[in-house]
Amino acid sequence: MTLVLSQLFTGISIGAVLLLIALGLSLTFGQMNVINMAHGELIAAGAYTVYVLQKVLSGAGLSLLIALPVAFVVAGLLGVLIEVLLIRRLYARPLDTLLVTWGVSLILQQVFRDVFGAPNVQTRAPSALTGSIHVTDDLVISSSRVFILVLALVAVAALTAGLRTTPLGRRIRAVVQNRDLAAVSGLATGRVDRLTFFIGSGLAGIAGVALTLVGPIGPTMGTNLIVNAFLVVVVGGIGQLKGTVIVAFTLGIVQSMVEYTTTVSVASVIVFVVIVAFLQWRPQGLFTLRTRSLA
Amino acid sequence: MTTLQDPVIAPDPTIQPATRRFGAGTGSRAVIGFGLAAVALFGLAPVVLGDFRLGLLAKYLCLAIVAVGIGLAWGRGGMLTLGQGVFFGLGGYAMAMHLKLTDAGPGQLPDFMQLYGQLDTLPWWWKPFASPAFALAATVLLPMLVALLLGLLIFRRRVRGAYFAILSQALCAALAIFLIGQQGTTGGTNGLTDIQGFFGYDLNDPLNRRTVYFVVAAALLAVLGIAWQLMRSRYGELLVAVRDGEERVRFLGYDPANVKLVAYVVAAGMAGLAGALFVPAVGIISPAMIGVVPSIEFVIGVAVGGRAGLVGPALGAIAVAWARTALSERLPSAWTYFEGLLFILPVVFLPGGLASLAVLLRRRTAKKEVAA
Amino acid sequence: MTGLTVRDLKVVFDGFVAVGGVDLDVPAGDVRFIIGPNGAGKTTLVDAITGLARATGTVTFDGQELLGRKVHRIARLGVGRTFQNSTVFEELTVLQNLDIAAGWHRGPLTLLRRRTSIPPRVQAALETIRLTAVRDQLAGTLPHGQKQWLEIGMLLVQDAKLFLLDEPVAGMSHEERDATGELLGELSRDHTVVVIEHDMDFLRRFARTVTVMHAGRILSEGTVAEVQADPRVQEVYLGHSVEA
Amino acid sequence: MFRIPGRRSAAIVAAVAAFATLTACGAKTTDSATTSGAGATIDTSGSSVKVGLLNSLSGTMAISEVTVRDSLKLAIDEINAAGGVLGKQIAPVSEDGGSDWPTFAEKAQKLISQDKVAAVFGCWTSASRKAVKPVFEKNKSLLFYPVQYEGLEQSPYIFYTGATTNQQIVPGLDYLKAQGKTSLYLVGSDYVFPRTANKIIKAYAEANGMKVLGEDYAPLGSTEFSTIVNKVKASGAAAVFNTLNGDSNVAFFKEYKSAGLTAASMPVVSVSIAEEEVKSIGTQYLAGQLTAWNYYQTTPGAANEKFVKAYKAKYGADKPTSDPMEAAYTSVYLWKAMVEKAGSFEVEKVKAASAAGGITYDAPEGKVTVDGATQHIFKTARIGKVGDDGLITEVWNSGEPIKPDPFLKGYPWATGLS
């Protein structure tokens, strides 16, 4: 029983990492149709922010806390730069954004290599986040994972609230639902796009900060993670935050359970088969934005 | 408002018209073109190139074969196939399995199975590959069959655009991880290496390696011929129609899934063929050729050369592969920047690829002529 | 029973009732105009008939049930439609557009060969829609009116027996409208034509019968005069009738 | 498709073909002399002799392989400064394998047939070595491979200067056994080395009364280890034998610590974590854990002091030295010794010199001797412990260099493994 519970928590924590990564994608990909393959490098930018801040600040806990907003801004600005220079020209060609941002990701990786060196860099985690929490005598969960879970949930809550209640959020939704109409109604769609991209990219930066607690910090740290994160957004339904959340956790739990009973390689194949099967049933994902236009 | 604009994937305005594209010329002139290409590949290259460079060219031509298929599926069909590594790999493994079995000799196990698998008998799914006919057929038919099954599932359910691209990427990742996991029977990350013979011919003999080059060059010409016929046929026109207005085609009584399926399956067959030829040309096939990264890299040459044309993709693939060899020899880290720019610049600023540059130049000269 | 018969057709999007129980009979050879204010459910009605929007109820054409069939199957039963925004294949020529429209029944062997001559049906359609002169132009380069005509031409060669036209004359010049109207009249000899239209002048001149929709339901039905005299129509449709 | 400017289309097709030809034209004049039958030609005409350095300078493996390339260059510079080999300066030709196995094969061919190198130094992964092995055998040219590997290989044209399994894995197991550890959990990346290593470990365990409680593989580059760590923890094993590679180690050890596992409660023996990796994982997570190698930066001796000093002077004081780097450095000196004994750069003569025995070198790791029969080298096994300062200090060694036994023929429990 303890085993099942701890494995369940593992699944949820895998889901939380996926969710943090997918959250930014659900904005840039889900709301704007941009397939940003450089999302992984924006994550790396967030992680390197922690590294740089720790060079300046001594306290591991303090630097981590400060890193959260700083990484958000750093990755966000990087994202805006990509949007302004390249993606802006490609809104009519979403598939091409995939290729272009892949190129961006190659270049960013090499920049990281040239600036920070090819080997992984080391960051210090506050001691409170390297240990574990004893829920019962047997059930031990890792405090860094709890932190990431909380961070992911806070980010989802903030994003949901932001989209629902703030004027910017309403504008984002208006542009997503009908770009032409929004433009005609006097919305500066270009500015809204840039802001959306800023937030989506900034969320990648936050994911990067969180990942320093559990994974390596290097030029290619993000690449391995984003294919799965894209799947989460696709299966959740494009433009559907609740879908992203549900699927991230479901996928995490399924993966951890299959992995526990079989092997990682079998698990990855099974997860793929499950996803194809799922898309047979719901080709537009778990939740669909129903409009009268042809989907 | 009902619009026919697919909300996820709007039709790509930058793709050039299906007509007036070179490579789809009228019969006799195209024959001349193919003839000249044949002369260059069979006459010129073997004379001016030494063994080593000719071997490299054989490798590039393999990549060009994949690119022709991608050009058909993506440029004409609008399906960004980021999963060609899977079909390339299937073709390559089918070929390599046969060659490994012939190398080992009848009744013997390939070397790596004894080393890493500790197997006493051949796994059942290896057995048919001992037959050259089966293996040869499998190099093309196996990828096509997989593409057919996958395509039926995907296109019937109208999974397309970004969904399709991401799904095919995930397939690559899954297959590569799976192959790596089965080290005893697939060679794991090492893949199948150390291939000595090609249907009885010793690959260590430089003369035989030249012959492999000729086989690859002939295959490229054949593949170009097939793509040419498909593009100029009524089917080719229909494929462009499906690319630009999948729903509209539906209202004309067609099932677009079937139209796309044909291009997808043909492209998979071409990738399989390329994989099969890659094995004797390079001497190795490994999961590293299947994963997400190589699959995207297959596309880059197509984007650079011009996705919608016939020769653009092949030309682009060869050029990019050559640039990689040339640049990475001298400036390894600069190559990464350059490769990044190769993805960015043509796609953003020259979506028709280098081929459209040729068209553009031609138009400009035509205008000047008119003005003068 | 020939012609189009619709019974108790309902289309619901996420709880929003777009079409709420429509009964409609369009006899063979009719030229029926469907009018109504924005959001009345006209286009959704056509979407439901052509299989695009999921609906309940029954829709038969020439005795064949349409609901529940896939879009391309319905098309093969002789139901053709056009769209508000023209949706010709812009990167193909006029001829290629028509040839594709004429070809769903072609076998693989025909498809894999080139077109060597212009099929007679396509030639006839080119003349009917008066685009012979521009047949080798890319459809994307045509002016709006000609694109709409090309759409109609595609229905002709598609061998559609029921034409569902969504605002075919929007954006056309007067001459083009007249020509289109005459074309509709010619078509009705061996086709059933349903037109969604806002242009009341066009409607008065070329409609045989009119159905008025409002809020997802049929408000009124009859000849142009009958409908115009209907006080309910005047009430919901005041702006347009006054303007007309 | 009417009215197509067909003449142009024909011209362009022809241009493509011509271009395709030209693209490969680069160096046609130099590569015609090579044939496979007679063995590789070595260009000894000038005052220098070329050697090839074949390492990944880009891609995922670049992190590790660049340090190997740097060590090779250091050795070459030192040798050149001291007068070269047989009176000739060594001219290194560096090629990028790009972390891609077919590229390794391609570049190996290029080094041999175009640059006509006397020997090639490099490769890291087993896959890249397997990819180039036929190239060296076909061309009868030499490769010096500097990384510990899974054994079960003996090519007449490869010298293996890293450890084979009986010089690293087996001593690691001996150490655990001596520490009274009776149960193991095996964690590895999914590729040849870990899978082969784990087979050996299982055979060893069976013969030595140890239990293997579980075995897990993660895809290369995988950074999600929570499930595997859960399994490890639930198994209650006495120790973990870790054959993970690269990035995965970082994620694994962070997870390991988070799960409340420590070096005291369940020590991990790693065979792919050297000083460079310790730096990127962080001592916060790694302190007290064990490693099995043949060399550490802290290994005592004058030869090592000189090596470490020279390396830091050349590449920076913060750059640690590690086992593969040392093996690479040593490989150049061993090649020099062989060449000088043979009095020739010719491959067959160099091989004969090594086969005659007695090629030794006072390496930073201690005295090493080439085993002419296997073309591996005698090495001393060393178990180390990661300290708080990020350096690894030796806690045990095998006392004397161990004879290389790539097929484990001298170990009764290993029959049936190869």
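Reader: What counts as a contact here?

Author: Two residues are in contact if their C-beta atoms, placed from the backbone, lie within 7 Å. Keep in mind that this is a predicted model. In chain B, take the contacts with a separation of 6 or more: 81% of them join residues 24 or more positions apart. For chain D, the figure is 70%.

Reader: What helices and strands does each chain have?

Author: Chain B has 15 helices and two strands, while chain D has 13 helices and 15 strands.

Reader: How much of each chain is buried?

Author: Being buried is about having many neighbours: 20 or more other C-beta atoms within 10 Å of a residue's own. Of the 372 residues in chain B, 64% are buried. In chain D, buried residues make up 61% of 418.

Reader: Let's pick one helix, α12(B). Why is it described as largely enclosed?

Author: Because 14 of its 14 residues are buried, α12(B) is largely enclosed by the rest of the structure.

Reader: And how far apart are its end C-alpha atoms?

Author: Start with the rise, 1.5 Å a residue: helix α12 of chain B, residues 292-305, should then span 20 Å. Its end C-alpha atoms are 21 Å apart, which agrees. Just after α12(B) comes B:Gly306, with a positive phi near 115 degrees.

Reader: What about the radius of gyration of chain D?

Author: Compare it with a compact globule: for 418 residues, that would be near 22 Å, and chain D has 23 Å, so the two agree. Along its principal axes, the C-alpha trace of chain D spans about 75 × 70 × 45 Å.

Methods: Residues are numbered from 1 along each chain as its sequence is written. Chains are lettered from A and ligands numbered from 1 in the order in which they are written. This is a predicted model: local features need pLDDT of at least 70, side-chain atom pairs count only at pLDDT 80 or more; totals for chains, interfaces and linings use all residues. Helices (H or I, at least four residues) and strands (E, at least two) are DSSP runs, numbered from the N terminus. A residue is buried if 20 or more other C-beta atoms lie within 10 Å of its own, exposed if 12 or fewer, and partly exposed in between; C-beta atoms are placed from the backbone. The expected span of a helix is 1.5 Å times one less than its number of residues. The radius of gyration is taken over C-alpha atoms; the globule rule is 2.2 Å times the number of residues to the power 0.38.
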